[in-house]
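Please look over the sequence and the structure shown below. The paragraphs that follow lead through the model step by step, beginning with a single residue.

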Amino acid sequence: MKVRVVWKSGGLLGRSPVDDADAPPQALIDIRSHILWGFDDGPLGLDQSVAMLQLAAAHGTTDIVATPRATFEHPFDPEIVAQRLQELRARADSSIRIHSGCDFH
């Protein structure tokens, strides 16, 4: 399941009018992302991973955590993860930092 968070000012019960809305945060951190290609339901290749990073950065994401799944169906190989992170970081511009994580079941 993918969740999209939209920044809205005010609480759940009393929203401010649009004219009084606070600006969205200037720095967003994505703590669960299938940004690495070839794992579970992530992108098909490096080019798609780079495109995903560019889109995230364009929308204010400053940090993203690559969290491929680790299950019996999706074995987690730390060497492959490290290699792909290195390749992705080499292709990404410096506007977004990529961190390593795991979606462990």
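The model is a predicted one. Begin with Leu88: apart from its neighbours within four places in sequence, Leu88 is in contact with Ile35, Leu36, Trp37, Leu46, Ser49, Val50, Leu53 and Ile98.

Several of these names return when the nonpolar core is considered. The largest nonpolar core has 16 residues. Those with the most contacts inside this core are Ile35, Leu36, Leu53, Ile64, Leu85, Leu88 and Ile98. Two or more residues of the core are given by each of helix H1 (46-58), S2 and H2. H1 provides the largest share, 4 residues. A general tendency may be kept in mind here: in soluble globular proteins, nonpolar side chains tend to be buried together.

Next comes the sheet. Its 3 strands form an open sheet in the order S1-S2-S4, and their pairing is parallel. At the edges are strand S1 (28-33) and strand S4 (97-100), each of which pairs on one side only. From one strand to the next, the twist averages 20°.

The pairing of S1 can be followed in detail. S1 and strand S2 (residues 61-66) run parallel and are joined by 4 bridges. For Ile29, the bridge partner in S2 is Asp63.

Finally, where does helix H2 lie? Helix H2 (residues 78-91) lies across S2 and S4. Relative to S4, H2 runs at about 180°, and an angle of 180 degrees between N-to-C directions means that the two directions are opposite. H2 is also among the elements that give two or more residues to the largest nonpolar core.

Definitions and conventions. Residues are numbered from 1 along each chain as its sequence is written. This is a predicted model: local features need pLDDT of at least 70, side-chain atom pairs count only at pLDDT 80 or more; totals for chains, interfaces and linings use all residues. Side-chain values use heavy atoms; hydrogens and water are left out. Two strands pair if DSSP finds at least two bridges between them. Axes are lines fitted to C-alpha atoms, for helices over the stretch in contact, and angles run from 0 to 180 degrees between N-to-C directions. Contact means heavy atoms within 4.5 Å. A nonpolar core is a set of buried Ala, Val, Leu, Ile, Met, Phe, Trp, Tyr and Cys residues joined through side-chain atoms within 4.5 Å. Buried means under 20% relative accessible area, exposed over 50%, partly exposed in between (1.4 Å probe, protein chains only).
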